[in-house]
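Visitor: I have a protein model to go through and would like some short answers about it. Can we look at the structure together?

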Amino acid sequence: MASSPTLVTLLLLMVSLISPSQSATCQSETFTSNRLYTFCNDLPSLNSYLHWAYDPANSTLSLAFIATPARPNGWIAWALNPTSTGMVGSQALIAFKDTNGAMTVKTYNITSYNPLTESKVWYEVKESSAEFSGGVMRIFATIVLPEKGKSTVNHVWQVGPSVTSGVPDKHEFQPANLNSKGSLDMLKGQSTASTDGGSRTKKKNIHGILNAVSWGIMFPIGIIIARYVRTFPSADPAWFYLHIICQVSAYAIGVAGWGTGLKLGSESKGVRYTGHRNIGIALFSLATLQIFALFLRPKKDHKYRFYWNIYHHGIGYTVLVLSIINVFKGLSILNPDQKWKDAYIILIAVLGGIALLLEAITWIIVLRRKSGKSTKPYDGFNNGHGRQEPLAP
């Protein structure tokens with residue numbers, strides 16, 4: 001029986017060791033100046049916490065927002081959005097170090113992701129302050145909401161990497177940043193994460209997959225078929241139909257991917273990936289010209305066939321280069337697991353290796369034909385062009 005206390009002590013020690021994560025919650029936060037709050041929630045992203053007390057009679061909300069900035073000289077923000085669920089349109093409290101190194105809290109009416117300008121906000125700020133210690137920033141504020149009787153609001157929180165000349169710089173656009181929003185029930189003490197973040201991520205993944213398959217894989221394969229498979233007499237006219245099927249299918253899938261990109265852009269006002277967007281528009285335009293080329297294709301012996309070949313090949317190779325560049329730009333935006341980037345790099349390398357091998361084989365075949373049948377017209381030769389065009393589709 002003397003061993004019982006020892007056994008109990010060991011069990012308690014084991015429990016304390018097994019569940020250390022309980023300390024990393026909002027419940028473990030304590031504040032100076034006798035600040036007390038009715039509720040606290042662990043927010044679902046950006047490793048942040050919110051404490052608050054709400055007085056419905058006076059429509060007063062006292063809060064403490066705690067988060068780790070993206071970098072020590074960065075910023076943290078908590079906001080209410082009276083009209084929507086995202087950061088654009090929100091009325092924000094942003095805390096950062098001023099030029100003297102002291103913590104400050106400023107208010108911003110965020111209408112876009114352009115450089116911010118301090119301004120009045122939708123609610124009245126009775127008092128505000130901020131602290132920075134242990135790598136963590138804290139915002140303390142008491143605000144008066146203009147809509148009395150409304151106990152559920154949309155709130156948004158964010159962290160940023162830096163401040164330039166007293167102006168918070170743009171935050172990152174990783175999933176954790178984009179999902180940092182939700183609904184706050186100030187009376188029930190509940191903060192519910194927004195569900196549209198996951199839906200948006202799904203749309204971005206669909207957009208990426210469609211465009212990677214169409215522009216980044218099928219278009220290069222279609223070009224390889226047209227340039228190399230046609231060299232073999234036994235592949236005629238099968239190579240032509242394979243080329244058409246591959247490119248038209250790629251265009252259809254690419255249009256779907258382009259459409260999802262436009263939809264994402266319309267739902268993300270203020271978020272711009274200018275280079276990726278501009279290349280996407282150029283790809284869609286050039287690929288549409290290629291589709292028209294199918295209907296404008298003159299016969300092999302037509303006098304304009306030589307110029308059509310220049311037009312068709314020039315646009316085709318331009319689409320090929322821009323497609324691969326834009327896929328990599330898209331991967332950098334989506335930031336998937338490294339294995340997906342590696343898989344695409346390997347696939348492009350394999351296609352490039354196949355193209356180099358077929359290039360060598362094709363020229364061997366063409367040169368042998370030329371030496372054996374130098375007087376025989378081939379694909380428009382002696383038709384006013386003055387040269388052979390063995391590789392033109």
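Visitor: Among contacts between residues at least 6 apart in sequence, what share joins residues at least 24 apart?
Guide: The model is a predicted one. A contact here means heavy atoms within 4.5 Å. Counting contacts in the protein between residues at least 6 apart in sequence, the share that joins residues at least 24 apart is 62%.

Visitor: How many helices and strands are there in the protein?
Guide: The protein has 393 residues, and buried residues make up 40% of them. Its secondary structure comprises seven helices and 13 strands.

Visitor: Which residues carry the UniProt feature "binding site", and which of them are in the lining of the largest cavity?
Guide: The unreviewed UniProt entry places "binding site" at H207, H243, H276 and H312. Of these residues, the lining of the largest cavity includes H243 and H312.

Visitor: Is H243 buried or exposed?
Guide: H243 lies in helix α4, residues 238-266. Beyond its neighbours within four places in sequence, H243 is in contact with G222, I223, I225, A226 and H312. Its relative accessibility is 8%, and the limit for buried is under 20%. H243 therefore counts as buried.

Visitor: With which residues is H276 in contact, leaving aside its neighbours within four places in sequence?
Guide: H276 lies in helix α5. One of its contacts, H207, also carries the "binding site" feature in the UniProt entry. With neighbours within four places left aside, the contacts of H276 are H207, N326, K329, G330 and I333.

Visitor: Which helix gives the most to the nonpolar patch on the surface?
Guide: The patch is formed by V248, L289, F292, L294, F295 and L296, with about 590 Å² of accessible area together. Four residues of the patch come from one helix, residues 274-295, and that helix is α5.

Visitor: Is F295 buried or exposed?
Guide: F295 is found in helix α5 and belongs to the nonpolar patch. Its relative accessible area is 66%, and exposed means over 50%. F295 is therefore exposed.

Visitor: What is the class of P82 by relative accessibility?
Guide: P82 lies in the loop between β4 (75-80) and β5 (91-97). Outside its neighbours within four places in sequence, P82 is in contact with G89, Q91 and W122. Its relative accessibility is 30%, which falls between the limits of 20% and 50%, so P82 counts as partly exposed.

Visitor: What distance separates the C-alpha atoms of P82 and E147?
Guide: P82 and E147 are 65 residues apart along the chain. Their C-alpha atoms are separated by 9.8 Å.

Key. Residues numbered from 1 in each chain as written. Predicted model: local features only at pLDDT ≥ 70, side-chain atom pairs only at ≥ 80, totals over all residues. Heavy atoms only, no water. Patch = residues over 30% accessible without salt bridge, like charges linked within 9 Å, V, L, I, M, F, W, Y side chains within 5 Å. Areas by Shrake-Rupley, 256 points an atom, 1.4 Å probe, with all protein chains shown as cover. Salt bridge = Lys/Arg side-chain N within 4 Å of Asp/Glu carboxyl O. Helix = DSSP H or I, 4+ residues; strand = E, 2+ residues; numbered from the N terminus. Buried < 20%, exposed > 50% of the residue type's maximum accessible area, 1.4 Å probe, protein only. UniProt positions renumbered as here; feature names shortened; annotations may be inferred. 1 Å grid on protein atoms, 1.4 Å probe; cavity = no way out; pocket = protein on both sides within 12 Å on 5 of 7 lines; lining within 4 Å.
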